[in-house]
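Here is a short tour of one protein, written for someone who likes to think about cysteines at the bench. Have the sequence and the 3D view open as you read.

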Amino acid sequence: MERSNNTVTEFILVGFTTDPVMQLVLFVVFLGVYSLTVVANATLIVLICNDSRLHTPMYFFIGNLSFLDLWYSSVYTPKILLTCISEDKSISFAGCVCQFFFSAGLAYSECYLLAAMAYDRYMAISKPLRYAQAMSIKLCAFLVASSYLGGFINSSIITKRTFDLNFCSGNIIDDFFCDLYPLVKLACGRKDGYQTVLYLILCSNVITPTVLILASYQFIIATILRIRSTQGRLKAFSTCSSHLVSVTLYYGSILYIYSRPRSSYSLDTDKIVSTFYTVVFPMLNPMIYSLRNKDVKEALNKLIK
């Protein structure tokens, strides 16, 4: 990454608080959350790989989502833990670039992956007789690979445009990681072209998958309403309820952060929301997809025995 217009060699992450006691408390909390995230997602991946009953398109996507969440959480949490217990709050320019690139790429990839999972649920509910044939392993692998490809291509674009900005307003980032708006706040000069690219990226990676998810669920709801028995409707809805909860939590927090007018931007509030989708959400996903899942529980019991 070229720095022809920048004299900044490192950034300072303010984090959540400067109180040493609160920093220690936050260290314990984040360490517990991260440990649970690693154990829960790794366990779910092992179960899906080892149990033949879970070798279906739905669990293929869930396994990839767990892998993505494991990677996503690891981009942020180790640095947060280090910042909490160390007096050195700095992150190098190159480190900030890498953190920004991977965090954006994984966030965008998850948006696409959740859209692919919505299509999977549409095929399972609307066309159950053709489901196994339509959702072949080749198609599933293509959808997952496309999610990562699309996410990291767009991440490359926004990362280059962000770090080509001239950071002339200091190097103190009032956040716990290298996020977009705190970085843009440090930049000066004309940002019209950057704002245009930002809105295009937002439309490509958030709005477009959202539209695809809504379209899938429109067809899913129409199919469920055609089922005559109440039990049949509940059974059909239960197959996509976990995905619906996951989409609502993830897209809700991201849209809250990045689709609001800049005039309503609040650092303190957005730190809390950012913590949710960067640290807490990767821990919740395996629970959302497994707590009420009979197949996963049976696979876990089998593995323990």
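Does Cys49 count as buried or exposed? At 52% relative accessibility, Cys49 counts as exposed. Please keep in mind throughout that this is a predicted model.

## Overall layout

Let's begin with the fold as a whole. The protein is built from 10 helices and three strands. Going along the sequence, these elements come in the order β-α-α-β-α-α-α-β-α-α-α-α-α.

How do the overall dimensions look? The C-alpha trace spans about 65 × 45 × 35 Å along the principal axes of the protein. For 305 residues, a compact globule would be expected to have a radius of gyration near 19 Å, and the protein's value of 21 Å agrees with that.

## Surface, burial and charge

Of the 305 residues, 49% count as buried. The accessible surface of the protein adds up to about 15100 Å², and carbon and sulfur atoms account for 66% of that area. Contacts often bridge distant parts of the chain: among those between residues at least 6 apart in sequence, 79% join residues at least 24 apart.

On the charge side, the protein carries 25 positive and 18 negative side chains. The centres of these two sets lie 14 Å apart.

## The disulfide between Cys96 and Cys178

Now to the bonded cysteines. Taking sulfur atoms within 2.5 Å as the cut-off, the count comes to two disulfides. One of them is formed by Cys96 and Cys178, whose sulfur atoms are 2.1 Å apart. Cys96 sits in helix α3 (residues 93-126), while Cys178 is in the loop between β3 (172-173) and α6 (180-186), so this pair ties together parts that are 82 residues apart in sequence.

What is the handedness of this bond? The torsion about the S-S bond of Cys96 and Cys178 is about -130°, so the disulfide is left-handed. Both Cys96 and Cys178 are buried.

## The disulfide between Cys168 and Cys188

The other pair links Cys168 to Cys188, with an S to S distance of 1.6 Å. Cys168 belongs to the loop between α5 (137-163) and β3, and Cys188 to the loop between α6 and α7 (192-226), so parts that are 20 residues apart in sequence are tied together here.

Both partners have some accessible area. Cys168 is partly exposed, with a relative accessible area of 44%, and Cys188 is also partly exposed, at 30%. If you number the bonded cysteines of the protein in sequence order, the pairing reads 1-3, 2-4.

## Cysteines with no partner in reach

Why does Cys49 have no bond to Cys140? Cys140 holds the closest cysteine sulfur to that of Cys49, but the distance is 14 Å, which is too far for a bond. As seen at the start, Cys49 counts as exposed.

Cys240 also has its closest cysteine sulfur in Cys140, in this case 17 Å away and again too far for a bond. Is Cys240 buried or exposed? Cys240 is buried, with a relative accessible area of 1%.

## Thr37 in helix α1

A few residues in the helices are worth a visit too. Thr37 is found in helix α1 (residues 20-50). With a relative accessible area of 0%, Thr37 is buried.

Which residues does Thr37 touch, leaving aside its neighbours within four places in sequence? The contacts are Leu70, Ser73, Val279, Pro282 and Met283. Thr37 and Phe281 are 244 residues apart in sequence, while their C-alpha atoms are 9.0 Å apart in space.

## Thr83 and Leu82 in helix α2

Thr83 has its place in helix α2 (residues 57-85). At 10% relative accessibility, Thr83 counts as buried. Setting aside neighbours within four places in sequence, Thr83 is in contact with Leu13 and Lys89.

Leu82 lies in helix α2 as well. Leu82 counts as partly exposed, at 46% relative accessibility, whereas Thr83 counts as buried. Leu82 and Tyr217 are 135 residues apart in sequence and 42 Å apart in space, C-alpha to C-alpha.

Note on methods: Residues are numbered from 1 along each chain as its sequence is written. This is a predicted model: local features need pLDDT of at least 70, side-chain atom pairs count only at pLDDT 80 or more; totals for chains, interfaces and linings use all residues. Side-chain values use heavy atoms; hydrogens and water are left out. Helices (H or I, at least four residues) and strands (E, at least two) are DSSP runs, numbered from the N terminus. The radius of gyration is taken over C-alpha atoms; the globule rule is 2.2 Å times the number of residues to the power 0.38. Buried means under 20% relative accessible area, exposed over 50%, partly exposed in between (1.4 Å probe, protein chains only). Contact means heavy atoms within 4.5 Å. Accessible areas come from the Shrake-Rupley method with a 1.4 Å probe; for residues, only the protein chains shown count as cover. Lys and Arg count as positive and Asp and Glu as negative; His and the chain ends are not counted. The place of a charge is taken as NZ of Lys, CZ of Arg, CG of Asp or CD of Glu.
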